[in-house]
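Open the model in your viewer and set it to a cartoon view. Keep the selection box at hand for the stops below.

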Amino acid sequence: MKYMRERLGWKLFLSYLIIVGVGLVVLDLSAELQVPRVLERDIAHQFFLQMNPDLARNLEENLQSAFNEILIIGTATAVITAVGISFFAARRITMPIQAMMRVSQQIASGNYSGRVTAMTQDELGALATSLNQMAEALEHTEQRRVELIGNVAHELRTPLASIKSTLEGLIDGVIPVDPDILLEIQHEVARLQRLVYDLDELSRAESGHIVLELRPVGLADLIRKAAERLRSQYEDKDMGIEIVAPSDVTVRVDEARIIQVLLNLLGNALQYTPAGGRVTVNAWQAARQVFVAVRDTGIGIAPDELPHLFERFYRADKSRARIGGGSGIGLTIAKHLITAHGGNIWATSPGLGQGSTFMFTLAAM
Ligand code: ADP
């Protein structure tokens, strides 16, 4: 009984059988009760039968046995068909469920590669598709988690190894204590600090814990504030930022967060543009959206790199970015911040050596 209770297939099978059984009993009973009455009503009134009661009884018995025979053949056919159909239907239902159980157990034990083949288009098929989607999402998340740990370890290893070997040289007296060496150590420590800060920001952004303090801000003011913060660094490279933005457009945003995005884009434009290059920020409103484009005349981006720029730790030119101190997290954070504001961010570039444009949108007020 317990076995039955735990098996959906058997339950369905039995329920079909009970329905068929009840149907048959009802049919049988009504035939048993009705046949004599009908015969009595229709036949007994016939005159000649009244005259021959034996013939009437004989006829009634014959009819009853013929009817029973038909009933037995009908019942046997119905039972065989019902059993066959019940068995087939129960298997159709339990097989995908068992397959889904196997896959979900695999997922629970940390193996995300299993998938179910959806055999039907009904609710069970939809459930199998949902399970596959969940397995795929979990597999992707797990892959990213492993990648993240690897990337973080890799990012920490280089500055730490450099600091360690310099300190060892200083302790052993192989390297003389001079301000340049100390500045080098300070530079590496600052890089580590920036990485830890970025990681902290990234984890907050990825876990969806960005609390936005939205308020109306003038778009042109926002861009000017960000540009102002980088002015001296731009001047050091003999560069300037040209801003073309309407002064009457207001957006409802978290000012600090959008400035953070602009600082990242302007910082990148500065980093990836040779001295003397040009950086322009254009902003405009179209329908219910505001567009901001940061264009530079820098090293550009190859078409196959464009789709990956917003991925964590992605660097288009790895060796150059490492020297420049980039961690490849800035654009990932920027994307999270813009998405949290309900906007979009993307990059375009005609190709290597031909400059790049980073664009984002925000909802207009
Ligand atoms: P990073 O800290 O390395 O700059 P980002 O996430 O900000 O990290 O950028 C990711 C990568 O995108 C960079 O390493 C660089 O290869 C590329 N990139 C970003 N901005 C530009 C740009 N303006 N011109 C060319 N390449 C860029």
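Start with the whole chain in this predicted model. Count the elements: the protein has eleven helices and seven strands.

Now zoom out. The C-alpha trace spans about 135 × 60 × 35 Å along its principal axes. The radius of gyration is 40 Å, while a compact globule of 365 residues would have one near 21 Å. Colour by burial next. Of the 365 residues, 18% are buried. Among contacts with a separation of 6 or more, 68% join residues 24 or more positions apart.

**Stop 1: the sheet**

Select strands 2, 4, 5, 7 and 6. These five strands form an open sheet in the order 2-4-5-7-6, with mixed pairing. Which strands stand at the edges? Strand 2 and strand 6 do. Each has a single partner strand, so one side of each has no neighbour in the sheet. Neighbouring strands are turned by 15° against each other on average, with direction ignored.

Narrow the view to strand 5 (289–296) and strand 7 (356–363). The two run antiparallel and are joined by eight bridges. For one pair to label, pick V290: its bridge partner in strand 7 is L362. Turn on hydrogen bonds too, since strands of a sheet pair through backbone hydrogen bonds, either parallel or antiparallel.

**Stop 2: helix 9**

Keep the sheet visible and add helix 9 (255–271). Helix 9 packs on the sheet and touches strand 2, strand 4, strand 5 and strand 7. The direction of helix 9 makes about 25° with that of strand 5.

Put a distance line between the end C-alpha atoms of helix 9. They are 24 Å apart. At 1.5 Å a residue, the 17 residues of helix 9 should span 24 Å, so the two values agree.

Now show side chains. The buried residues of helix 9 are R257, I258, V261, L262, N264, L265, L266, N268, A269 and L270. Look down the axis as you compare them. An α-helix has 3.6 residues a turn, so residues three or four places apart point the same way.

**Stop 3: the cores**

Select V261, L265, L266 and A334. Within the largest nonpolar core, which has 37 residues, these have the most contacts. Several elements give two or more residues to this core, including helix 7 (219–229), strand 3 (250–253), helix 11 (330–340) and strand 6 (345–348). Which helix provides the largest share of this core? Helix 9 does, with seven residues.

Centre on A334. Beyond its neighbours within four places in sequence, A334 is in contact with V261, N264, L265 and I345.

Then move to another part of the model. A second, separate core has six residues, among them V103, V116, L124 and L131.

**Stop 4: two backbone oddities**

Select D238, in the loop between helix 8 (231–236) and strand 2 (240–244). D238 is not a glycine, yet its phi is positive, about 60°. Is D238 buried or exposed? D238 is exposed, because 10 other C-beta atoms lie within 10 Å.

Finish at A287, in the loop between strand 4 and strand 5. A287 also has a positive phi, about 55°, although it is not a glycine. A287 counts as exposed, because it has 6 C-beta neighbours inside 10 Å.

Notes: Residues are numbered from 1 along each chain as its sequence is written. This is a predicted model: local features need pLDDT of at least 70, side-chain atom pairs count only at pLDDT 80 or more; totals for chains, interfaces and linings use all residues. A nonpolar core is a set of buried Ala, Val, Leu, Ile, Met, Phe, Trp, Tyr and Cys residues joined through C-beta atoms within 7 Å. A residue is buried if 20 or more other C-beta atoms lie within 10 Å of its own, exposed if 12 or fewer, and partly exposed in between; C-beta atoms are placed from the backbone. Helices (H or I, at least four residues) and strands (E, at least two) are DSSP runs, numbered from the N terminus. Two residues are in contact if their C-beta atoms, placed from the backbone, lie within 7 Å. The radius of gyration is taken over C-alpha atoms; the globule rule is 2.2 Å times the number of residues to the power 0.38. The expected span of a helix is 1.5 Å times one less than its number of residues. Two strands pair if DSSP finds at least two bridges between them. Axes are lines fitted to C-alpha atoms, for helices over the stretch in contact, and angles run from 0 to 180 degrees between N-to-C directions.
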